[in-house]
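Hi,

Here is the structure I promised to pass on. Have a look at it first, and my notes follow below.

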Amino acid sequence: MIRIGTRNSPLALWQAHEVEFKLQNLGFETEIVPIISSGDKNLSQPLYALGITGIFTKDLDIALLNNEIDIAVHSLKDVPTQLPKNIQISAVLERDFPEDVLVRNNDSEPLDLNVLKIATSSLRRRAFWLKEFPETEFTDIRGNVQTRLKKLDDGIANATIFSLAGIKRMNLDVDYEQIPFLLQAPSQGVVAIASRIDDQELSEILKSISHKETEICITIEREFLKTLEGGCTAPIGAKAELLGGQIRFLGRLCSLDGKYCIETDEIFDWNDSENFGEKLALKVLENGGKELMDEIRKSL
């Protein structure tokens, strides 16, 4: 029996069932174990104000280390780049719908993007939006997709921003707009499976359901993030795409107000021996990124 730990939101449970389905296809018995995470308990403060890394993963990590569950299923973008001792990401499912999209309430249909009041608690989404529309007013919003849609209807703001994966996976009938200037978070749209390093038999099983192409891309994105942030939350976007034997990588670091941004857009030949994410991040740090990160740390 493989016990699958997950947050208990509808989207997290969808992810856990996807993993369960793949394991059952290999002939394994499974059990889903929902766990309420700290991030779901406190919905009044934006995540960056809570000062905890891995707020959505911490309670699952504890359950994993206490042997209450065998694997933990996460949205990979919620997983800190520095994992707890004896925990590893053992598999990732194929990435789907990694981009951010805009969802308006009914009264805001005719409004231009530059006059919208936006509900988001993400530093990245705020900074990248301010880069384009510096006068924008924001309000914080937390909760699962359904909760946020209800808050939007109640008039908390004109619009909010979702990961498209959340809308598609929940089969939600909502109108959304693509917003290409909002470069996605590193490893957005990826379901990850964590397990204990000392459980080698299970690690081998999980390897067989991991999607290699997604693995390659998210490794670059997460190394980019890890090298830039050094454990600090910051407006960082990253997108790696495998095209034949080459990678196209887009990366961005912005100041909190969106006024200063350092971007990189490169195509290179991939091999499995180089740490491309670190290399790309070091270029950004040398190009003014170090000063920018110092400023962000001071502000937060």
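In the hairpin of E11 and E12, two residues sit between the strands, and glycine 244 there takes a positive phi near 65°. Strands E11 (residues 236-243) and E12 (residues 246-254) run antiparallel and are joined by eight bridges; strands here are DSSP runs of E with at least two residues, helices are runs of H or I with at least four, and both are numbered from the N terminus. Two strands pair if DSSP finds at least two bridges between them. Glycine 237 has arginine 252 in E12 as its bridge partner.

Before you read on: this is a predicted model, in which local features need pLDDT of at least 70 and side-chain atom pairs count only at pLDDT 80 or more, while totals for chains, interfaces and linings use all residues. Residues are numbered from 1 along each chain as its sequence is written, and side-chain values use heavy atoms, with hydrogens and water left out.

E12 also takes part in an aromatic pair. The structure holds five such pairs (ring centres of Phe, Tyr or Trp, the last by its six-membered ring, within 6.5 Å; planes under 30 degrees apart are stacked, over 60 edge-to-face, the rest tilted). Phenylalanine 224 and phenylalanine 249 have ring centres 4.9 Å apart and planes at 65°, so this pair is edge-to-face. It links helix H9, which holds phenylalanine 224, to strand E12, which holds phenylalanine 249, 25 residues apart. Phenylalanine 224 is buried, at 0% relative accessibility, and phenylalanine 249 is also buried at 0% (buried is under 20% relative accessible area, exposed over 50%, partly exposed in between, with a 1.4 Å probe and protein chains only).

H9 (residues 212-229) has a helix partner too: its axis and that of H10 (residues 276-299) come within 8 Å and cross at roughly 35° (axes are lines fitted to C-alpha atoms, for helices over the stretch in contact, with angles from 0 to 180 degrees between N-to-C directions). Among the residues that meet are Phe224 and Leu228 in H9, and Leu280 and Met293 in H10 (contact means heavy atoms within 4.5 Å).

Elsewhere, an open sheet of five strands has mixed pairing and the order E2-E1-E3-E10-E4. Its edge strands, E2 (30-34) and E4 (87-92), each pair on one side only. E1 (residues 2-6) and E2 run parallel, joined by five bridges. Helix H4 (residues 58-65) lies across E1, E3, E4 and E10, at about 165° to E3.

Best wishes
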